[in-house]
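Reader: I'd like to learn how to read a fold from its helices, its core and its odd residues. Can we go through one together?

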Amino acid sequence: MKTRMQQRSSLAQPTFTMNDLPHRSLGFAKKIGETWSDCRGGDCKAYQRRFLYVGAFGAYHTARAYWLLHENNSFNDCGILARNLLERIINSAFAAKSPTHAVELISHELNDKIRRLKLLDHGPNASPELTGSIADHEKHLHSFLTLINKSRAPDWSYCRRAEEAGMLGFYRSGYFNLSRYAHAGYEVARPEKHNQQSNTTDFIALVAPIMTVAQCHGVDCLDCAADKCLVHDEVKGILRACSLATLGNESGNME
Ligand SMILES: [Zn+2]
């Protein structure tokens, strides 16, 4: 029978190859995510739990799509999904900081959605359905703002979110590698560089499901808070293996 310490050290040192890692990353996210259940509450903590779960669920499915594209050598499309995954990592780390952070982020995103809908609700696009939908969203926004005692939705750009989450360097180096994929402007990859496999995007696709599900797990786990959690040890071990297999270092340094 292994002691808890022996269990922790053997879990912390997995040996995976690049061929195993997508399967390991997705399998781990599924295993941890499937244990989640909604508490049906209406306070900030309940919304934080939902936000983190939805983020982890989205990261899992986006990463699955990433590896399907990867198998078909569609590396340019992989880059587009990797940017989505990078943003999910940042959102999740930010929202895990506190229930208030999570509701501030939900308010920010809802406010932005209302702004975009209002831009549409003019001229030939205007409709009673759209106007009604805007009113519904505004009602929900008001409820979220009441929960955090604010009269306006806070403005949280991705840069500010990353800084608040202590991940500005991680975000900036990932964004630097991915920004050219997301826009239809002149800043696209040169033809000779088109569709090249990228270790950075592979790294992001491997770690996004793990990091987001770990945040989802962490807000409910007393063992995580006391730094004696086996799941947390497993997370650290897989993240190190992902980083080593893609970036050639154990720290997740993408530069
Ligand atoms: Zn834990």
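Author: We'll go from the overall make-up to helix packing, then the core, then a few single residues. Keep in mind that this is a predicted model.

Reader: Okay, what elements does the chain have, and in what order do they run?

Author: Start by listing the elements. Here the chain has 11 helices and 0 strands, so the order from the N terminus reads α-α-α-α-α-α-α-α-α-α-α.

Reader: And how much of the chain is buried?

Author: Buried residues are 31% of the 255 in the chain. For contacts, look at how far apart the partners are in sequence. Among contacts with a separation of 6 or more, 77% join residues 24 or more positions apart.

Reader: Now helix packing. How are two packed helices described?

Author: You describe two packed helices by the angle between their axes and the distance between the axes. Take H4 and H9: their axes come within 9 Å and cross at roughly 30°. An angle under 35 degrees counts as roughly parallel, so H4 and H9 are roughly parallel to each other. The crossing of H4 past H9 is left-handed.

Reader: Which residues make that contact?

Author: From H4 you get Cys78, Gly79, Ala82, Leu85, Leu86, Arg88, Ile89, Ser92 and Ala93, and from H9 Thr201, Ile204, Ala205, Ala208, Met211, Thr212 and Gln215. Sorted by class, the contact of H4 with H9 has 10 nonpolar, 5 polar and 1 charged residues.

Reader: What about H3 and H9: what angle do they pack at?

Author: About 165°, with the axes of H3 and H9 8 Å apart. Over 145 degrees counts as roughly antiparallel, and H3 and H9 are therefore roughly antiparallel to each other. H3, too, passes H9 in a left-handed crossing. On the H3 side you'll find Leu52, Tyr53, Gly55, Ala56, Ala59, Tyr60, Ala63, Tyr66 and Trp67, which meet Ala205, Ala208, Pro209, Thr212, Val213, Gln215 and Cys216 of H9. This contact of H3 with H9 divides into 13 nonpolar, 3 polar and no charged residues.

Reader: Let me try another pair. How do the axes of H5 and H6 cross?

Author: They come within 9 Å and cross at roughly 160°. That makes H5 roughly antiparallel to H6. H5 passes H6 in a left-handed crossing. Residues in the contact include Val103, Ile106, Leu110 and Leu117 of H5, and Leu130, Ile134, Leu141 and Phe144 of H6. By class, the contact of H5 with H6 splits into 12 nonpolar, 5 polar and 3 charged.

Reader: On to the core. Which residues of the largest nonpolar core touch the most other members?

Author: When you read a core, look for its best-connected members and then for the elements that supply it. The largest nonpolar core has 52 residues, and Ala82, Leu85, Val207, Ala208 and Ile210 touch the most other members. The elements giving it two or more residues are H2, H3, H4, H5, H6, H8, H9 and H11. H9 gives the most, with 11 residues.

Reader: Ala208 keeps coming up. What is alanine 208 in contact with?

Author: Setting aside neighbours within four places in sequence, alanine 208 is in contact with Ala59, Ala63, Leu85, Arg88 and Ile89.

Reader: Which residue does tyrosine 175 come close to in space, and how far apart are the two in sequence?

Author: Compare the two separations. Tyrosine 175 and arginine 83 are 92 residues apart in sequence, yet 7.2 Å apart from C-alpha to C-alpha. Tyrosine 175 is found in helix H8 and is partly exposed, with 18 other C-beta atoms within 10 Å.

For a loop example, take lysine 193, between H8 and H9. Its C-alpha atom is 9.8 Å from that of asparagine 76, with their positions 117 residues apart along the chain. Lysine 193 is exposed, with 10 other C-beta atoms within 10 Å.

Reader: Last one, backbone angles. What is phi of asparagine 73?

Author: Check the sign of phi and the residue type together. Phi of asparagine 73 is near 55°, a positive value in a residue other than glycine. Asparagine 73 sits in the loop between H3 and H4 and is exposed, with 11 other C-beta atoms within 10 Å.

Aspartate 227 also has a phi near 55°. This aspartate lies in the loop between H10 and H11, and with 8 C-beta neighbours inside 10 Å, aspartate 227 counts as exposed.

Technical notes:
Residues are numbered from 1 along each chain as its sequence is written. This is a predicted model: local features need pLDDT of at least 70, side-chain atom pairs count only at pLDDT 80 or more; totals for chains, interfaces and linings use all residues. A nonpolar core is a set of buried Ala, Val, Leu, Ile, Met, Phe, Trp, Tyr and Cys residues joined through C-beta atoms within 7 Å. A residue is buried if 20 or more other C-beta atoms lie within 10 Å of its own, exposed if 12 or fewer, and partly exposed in between; C-beta atoms are placed from the backbone. Helices (H or I, at least four residues) and strands (E, at least two) are DSSP runs, numbered from the N terminus. Two residues are in contact if their C-beta atoms, placed from the backbone, lie within 7 Å. Axes are lines fitted to C-alpha atoms, for helices over the stretch in contact, and angles run from 0 to 180 degrees between N-to-C directions. Angles under 35 degrees count as roughly parallel, over 145 as roughly antiparallel, 65 to 115 as roughly perpendicular and the rest as oblique. A crossing is left-handed if the near helix is turned anticlockwise from the far one by less than a right angle, and right-handed if clockwise. Ala, Val, Leu, Ile, Met, Phe, Trp, Tyr, Cys and Pro count as nonpolar, Asp, Glu, Lys and Arg as charged, and the others, Gly among them, as polar.
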